[in-house]
Amino acid sequence: MSHASQGEEPAPPPARTTPSWAGGAEPDPRRWWGLVVIAIAQLMVVLDATIVNIALPSAQRELGMSDANRQWVITAYTLAFGGLLLLGGRIADLVGRKKTFMIGLVGFAVASGLGGAATGSWLLFGARALQGAFGALLAPSALSLLTTTFTIGKERSKAFGIYGAIAGGGAAIGLIAGGLLTEYLDWRWCLYVNIPIAVIALIGAAAFLQDTPERGRVHLDIRGVALGCGGLVAIVYGCSEAKPRGWGDGLVIGLLVGGVMLLAVFAWWQTRARHPLLPLHIVRDRNRGGAFLTMALAVIALFGMFLFLTYYFQTVLGYSPVKAGLAFLPMVAAIVVGSTQISARLLHLLPPRFLMVPGALLASAGLFTLTFLTAEPAYVAHVLPAELLVGLGMGLTFMPVMATATTGVAPYDSGVTSATVNTAQQVGGSIGTALLNTIATSTSAAYIAGQVAEVARRSGARGLTPAVRDGIMKDGVVHGFTVAIGVGSAIMLMAALVAGLLVNGRAPQYGPVPATDSAKSGDAV
């Protein structure tokens, strides 16, 4: 059989359009319940990256964490999750997607319970690292199950619309949930809440998910695991350390340079390994590579926005944690509409870039709107329109990006391909948070110093009253936010450009994936 990527002339659709795991002539009627299970699990993983943020001050006070160490509540999770995704994806291909999915659920629930019951800071850090490790099993197996379950045009579009809404809105939902749980229960419930969610998903997985492992086709590349995971860990850790240390710090530079070098050696090794961890035809495909890069750039731009708006709501506007979380609801609603009502209805009719490019442009316009924020309350005038634009843009972008990245991949490569999508999202989020936060803090500091000097020159020391100082501080913080979000808007424009230039596939024709997808490139899998 011939391989047909999205950039090539599509072959006529096969006569049988049954999902790859279904044994009969008709699609399994339980597949939509399976989608519910996958969506629940994916939501748990995505929101856990942000749900702890609002709870962090309470956890720090109760467990006696130092300011220097508190970042490890976030960093331990992102390091393990981002660094182990490629390994998790290949394990899913090796032992079976459903089995890996269920192991990930159990491990994630146990780790969440340990974190919620933590009596000391280091136990919490360790539990968060375990969460990240099991999340690295869970996320790629969830996306690969979705990919191999839904192969028919309209059904696949609808399924990816729901999945894209979760991927785009999960971070905002995490902020909402974190605020509610912290204010009305306790910070520990930001971790405990995962246990009932995982139990429900586990029962649903046993009942509704089906999978046929590609036995004998997949092997584990140990050297590739060491090089690839080591490089990703170094880059994610370097980005996390750039936030408190600055980009010019020796440790940060060493981690970033070392990570890039490890990934370069990893890429070289993948051309020679008999059973590569990441077969290079997966990233060489023009449409797939363009989707990966579009995802990374979009997330770089967006993650800084979530961070800045959270601080803006609470420190500048004085919102409570619950009110700050609820302020993100319009964005979540717009993401759902963009993914499920627009993208899902159009993806099987239009080339993917016809959705990605307008989506990225809308998100860029929404981010640009936020550059006009001031220290005065401006939720309705500036924040709400920006949230709606960004939400619609994310819904239009993320869903076709994920569908494009996983189209035309053989079942035995679906796990590692799904892991690569998640890796682009995770690394982009780490870079975006560190880069935009550095820009914001340095710009704020320069603005505040300049304004203090100007007031002192005009009015002397007596002019710097507490009220004046507070006003300068607020203005400085908002100024830093707006400059950083302006950079994010420009990066989102780059995502639109990449999608327009690289993703040239036609409206996808879905059907069972040929077994020769990997073989065409000459890679032994």
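Helices, taken as DSSP runs of H or I at least four residues in length, are numbered from the N terminus, as are strands, which are E runs of at least two. On this basis the protein has 19 helices and 0 strands. The model is predicted. Buried residues account for 57% of its 525 residues. Contacts were also sorted by sequence separation. Of those between residues at least 6 apart in sequence, 85% join residues at least 24 apart.

Aromatic pairs were examined next. A search of the whole structure gives 10 of them. One is formed by Y77 and F81, with ring centres 5.8 Å apart and planes at 20 degrees. Planes under 30 degrees apart count as stacked, so the Y77–F81 pair is stacked. Both residues belong to helix 3, which spans residues 72–95. Y77 and F81 are 4 residues apart in that helix, so about one helical turn separates them. Y77 is buried, at 1% relative accessible area. F81 is buried too, at 7% relative accessibility.

A second pair has another geometry. F313 and F328 are edge-to-face, with 5.4 Å from centre to centre and 75 degrees between the planes. F313 sits in helix 12 (residues 286–316). F328 sits in the loop between helix 13 (321–326) and helix 14 (329–346). The pair therefore ties together parts that are 15 residues apart in sequence. F313 has a relative accessibility of 0% and counts as buried. F328 is buried as well, with a relative accessible area of 1%. These two rings also belong to a cluster. Ring pairs link F313 and F328 with Y312, Y319 and Y379.

Charged contacts were then considered. The structure contains 1 salt bridge. Its partners are E62 and R188, whose closest N and O atoms are 2.7 Å apart. E62 is in helix 2 (residues 51–63). R188 is in the loop between helix 6 (153–184) and helix 7 (189–192). The two are 126 residues apart in sequence, so the bridge ties together distant parts of the chain. The partners differ in exposure: E62 is partly exposed, with 43% relative accessible area, whereas R188 is buried, with 15%.

R188 appears again in the surroundings of G115. G115 is located in helix 4 (residues 97–116). The residue is buried, with a relative accessible area of 1%. Neighbours within four places in sequence aside, G115 is in contact with L124, A127, W187, R188 and L191. The C-alpha atoms of G115 and Y192 are separated by 8.1 Å. Along the chain, G115 and Y192 are 77 residues apart.

Internal space was also assessed. Rolling a probe the size of a water molecule over the atoms shows where empty space is left. The structure has 1 cavity of 30 Å³ or more. The largest cavity holds about 40 Å³ of space. Its lining consists of V52, V73, L124, R128, W187 and L191. By class, this lining comprises 5 nonpolar residues, no polar residues and 1 charged residue. Arg counts as charged, so R128 supplies the charged member of the lining. Three residues of the lining, L124, W187 and L191, are also among the contacts of G115.

Two further sites show residues brought together across the sequence. The first is W72, in helix 3. W72 is partly exposed, at 22% relative accessible area. Residues up to four places away in sequence are not counted here; beyond them, W72 touches L79, F125 and Y237. W72 and S240 are 168 residues apart in sequence. Their C-alpha atoms are 9.4 Å apart in space.

The second site is L497, in helix 18 (residues 466–502). L497 is exposed, with a relative accessible area of 55%. From C-alpha to C-alpha, L497 and M356 are 9.8 Å apart. In sequence, 141 residues separate L497 from M356.

Terms used: Residues numbered from 1 in each chain as written. Predicted model: local features only at pLDDT ≥ 70, side-chain atom pairs only at ≥ 80, totals over all residues. Heavy atoms only, no water. Phe/Tyr/Trp six-rings, centres within 6.5 Å; stacked < 30°, edge-to-face > 60°. Buried < 20%, exposed > 50% of the residue type's maximum accessible area, 1.4 Å probe, protein only. 1 Å grid on protein atoms, 1.4 Å probe; cavity = no way out; pocket = protein on both sides within 12 Å on 5 of 7 lines; lining within 4 Å. Points joined across faces, edges and corners; volume = space filled by probe spheres on them. Salt bridge = Lys/Arg side-chain N within 4 Å of Asp/Glu carboxyl O. Contact = heavy atoms within 4.5 Å.
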